[in-house]
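Welcome! Let us walk through this structure together, one stop at a time.

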Amino acid sequence: MEQPEGKEGFLLEAAAPKQPGPALDSCEASPDEGLIEDLAIVDKKAVEQLTEGLISHYLPDLQRSKLALQELTQNQVVLLDTLEQEISKFKECNSILDINALFSEAKHYHNKLVNIRKEMMMLHEKTSKLKKRALKLQQKRQKEELEREQQREKELEREKQLTAKPARRT
């Protein structure tokens with residue numbers, strides 16, 4: 001007799017005595033045909049005892065498995081929390097790196113501004129010196145022109161004095 005499948009089959013196999021019988025061919029009736037008739041024969045007390053035996057056999061393992069699964073679930077929750085904390089730390093590190101990049105960029109531009117200010121001060125000093133020099137040169141030219149003008153006037157005066165003057169007759 002082939003073994004019946006499912007819970008009913010297990011119960012039937014345990015309750016019913018094994019009877020030697022001919023093997024079923026594929027042409028003969030299926031093993032499920034006599035199942036309903038066999039169920040009626042099974043004693044309710046035997047079913048209860050088999051059920052209790054089955055439960056008492058598998059229940060401790062199932063309870064341990066349940067506790068192990070609960071523990072695993074709690075550990076997973078702890079791991080997820082830890083992972084979230086680590087992710088937030090990495091995000092914080094990235095934001096710190098961004099802040100550091102901003103500070104270094106600000107320092108770079110500050111140095112540029114300082115250099116531009118120095119150049120502007122140097123150019124201001126050079127222009128001031130050039131203005132003073134231009135003023136001195138202008139004053140020198142004016143002085144030279146004044147001296148030339150005075151020299152010409154002296155020469156003209158001298159020429160006038162050297163030119164013959166008709167004597168006045170008195």
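Lys 129 is a good place to begin: with 61% relative accessibility, Lys 129 counts as exposed, where exposed means over 50% relative accessible area, buried means under 20%, and partly exposed lies in between (1.4 Å probe, protein chains only). Lys 129 sits in helix 3, which covers residues 44–162.

Before going further, please keep in mind that this is a predicted model, in which local features need pLDDT of at least 70, side-chain atom pairs count only at pLDDT 80 or more, and totals for chains, interfaces and linings use all residues. Residues are numbered from 1 along each chain as its sequence is written, and side-chain values use heavy atoms, with hydrogens and water left out.

Now step back to the whole chain. The protein chain has three helices and zero strands, and along the sequence these follow the pattern α-α-α. Here helices (H or I, at least four residues) and strands (E, at least two) are DSSP runs, numbered from the N terminus. Of the 170 residues in the protein chain, buried ones make up 2%. The chain exposes about 16,900 Å², and carbon and sulfur atoms supply 57% of that area. Accessible areas come from the Shrake-Rupley method with a 1.4 Å probe, and for residues only the protein chains shown count as cover.

Back at Lys 129, you can look for its companions: Lys 126, Lys 129, Lys 132 and Lys 136 gather on the surface in a patch of positive charge. Patches are made of residues with over 30% relative accessible area and no salt bridge; like charges are joined within 9 Å, and nonpolar side chains (Val, Leu, Ile, Met, Phe, Trp, Tyr) within 5 Å. Lys and Arg count as positive and Asp and Glu as negative, while His and the chain ends are not counted. The place of a charge is taken as NZ of Lys, CZ of Arg, CG of Asp or CD of Glu.

There is also a nonpolar patch on the surface. Leu 54, Ile 55, Tyr 58, Leu 59 and Leu 62 make up this patch of about 460 Å². Ile 55 belongs to helix 3 and is partly exposed, at a relative accessible area of 46%.

Which contacts join opposite charges? The structure holds four salt bridges, each being a side-chain nitrogen of Lys or Arg within 4 Å of a carboxyl oxygen of Asp or Glu. In one of them, the side chains of Arg 64 and Asp 61 meet at 2.1 Å, N to O. Arg 64 and Asp 61 are separated by about one helical turn because they stand three residues apart in helix 3. Asp 61 is partly exposed, with a relative accessible area of 39%.

Further along, Glu 144 meets Arg 148 in a salt bridge of 3.8 Å, N to O. Both lie in helix 3, four residues apart, about one turn of the helix. Glu 144 is partly exposed at 32%, and Arg 148 is partly exposed at 47%. Glu 149 forms a salt bridge with Arg 152, with the closest N and O atoms 3.4 Å apart. Glu 149 and Arg 152 are three residues apart in helix 3, so about one helical turn separates them.
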